[in-house]
Amino acid sequence: MITEIIKIEGMMCGHCQATVEKAIGAVDGVNEVNVDLATKQATVNFDPAVASLDSIKAAIKNAGYTVVG
Ligand SMILES: [Cu+2]
């Protein structure tokens, strides 16, 4: 498992936070996800043999939010 921090733009409230957490959590290989609304960061622990940073970022974009780093 590896942990990556992803910066996200567009989250305005707890509902957005929950939506992003759910979207990331639905990606195969993701073990744990924590989205911090204040810092606009998602901390994601995942199995790099199953999930990729790209697949996680795609899930965030598909949920309607912008990945900035
Ligand atoms: Cu919101």
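At what angle do the axes of helix α1 (residues 14-25) and helix α2 (residues 53-62) cross? In this predicted model, the two axes cross at roughly 140° and come within 9 Å of each other. The pair therefore counts as oblique, since an angle must be over 145 degrees to count as roughly antiparallel. The crossing of α1 past α2 is right-handed.

The residues that form this contact can be named on both sides. Helix α1 contributes V20, A23 and I24, while helix α2 contributes I56, A59, I60 and N62. Sorted by class, the contact between α1 and α2 consists of 6 nonpolar residues and 1 polar residue, with no charged residues.

Several of these names return in the interior of the model. The largest nonpolar core comprises 17 residues, and V20, I24, A42, V44, I56 and I60 are those with the most contacts inside it. Two or more residues of this core come from each of the elements β1 (2-9), α1, β2 (30-36), β3 (41-46) and α2.

I60 shows how a residue of the helix contact is placed among its partners. Apart from neighbours within four places in sequence, I60 is in contact with V20, A23 and I24, and also with I6, I8, Y65 and V67.

V44 offers a view of the core from strand β3, in which this residue lies. Is V44 buried or exposed? V44 is buried because 25 other C-beta atoms lie within 10 Å, where 20 or more are required. Its contacts, not counting residues up to four places away in sequence, are T3, E4, I6, I24, V30, V33 and I56. Among them, I6 is 38 residues from V44 along the chain, and the C-alpha atoms of the two residues are separated by 7.8 Å.

A63 can be set beside V44. A63 is located in the loop between α2 and β4 (66-67). Why does A63 count as partly exposed? A63 has 18 C-beta neighbours inside 10 Å, and this count falls between the limit of 12 or fewer for an exposed residue and that of 20 or more for a buried one. Leaving out residues up to four places away in sequence, A63 touches T19, V20 and A23. Of these, V20 and A23 also belong to the α1 side of the contact between the helices. A further relation links A63 to M11: the two residues are 52 residues apart along the chain, and their C-alpha atoms are separated by 11 Å.

Conventions. Residues are numbered from 1 along each chain as its sequence is written. This is a predicted model: local features need pLDDT of at least 70, side-chain atom pairs count only at pLDDT 80 or more; totals for chains, interfaces and linings use all residues. Axes are lines fitted to C-alpha atoms, for helices over the stretch in contact, and angles run from 0 to 180 degrees between N-to-C directions. Helices (H or I, at least four residues) and strands (E, at least two) are DSSP runs, numbered from the N terminus. Angles under 35 degrees count as roughly parallel, over 145 as roughly antiparallel, 65 to 115 as roughly perpendicular and the rest as oblique. A crossing is left-handed if the near helix is turned anticlockwise from the far one by less than a right angle, and right-handed if clockwise. Two residues are in contact if their C-beta atoms, placed from the backbone, lie within 7 Å. Ala, Val, Leu, Ile, Met, Phe, Trp, Tyr, Cys and Pro count as nonpolar, Asp, Glu, Lys and Arg as charged, and the others, Gly among them, as polar. A nonpolar core is a set of buried Ala, Val, Leu, Ile, Met, Phe, Trp, Tyr and Cys residues joined through C-beta atoms within 7 Å.
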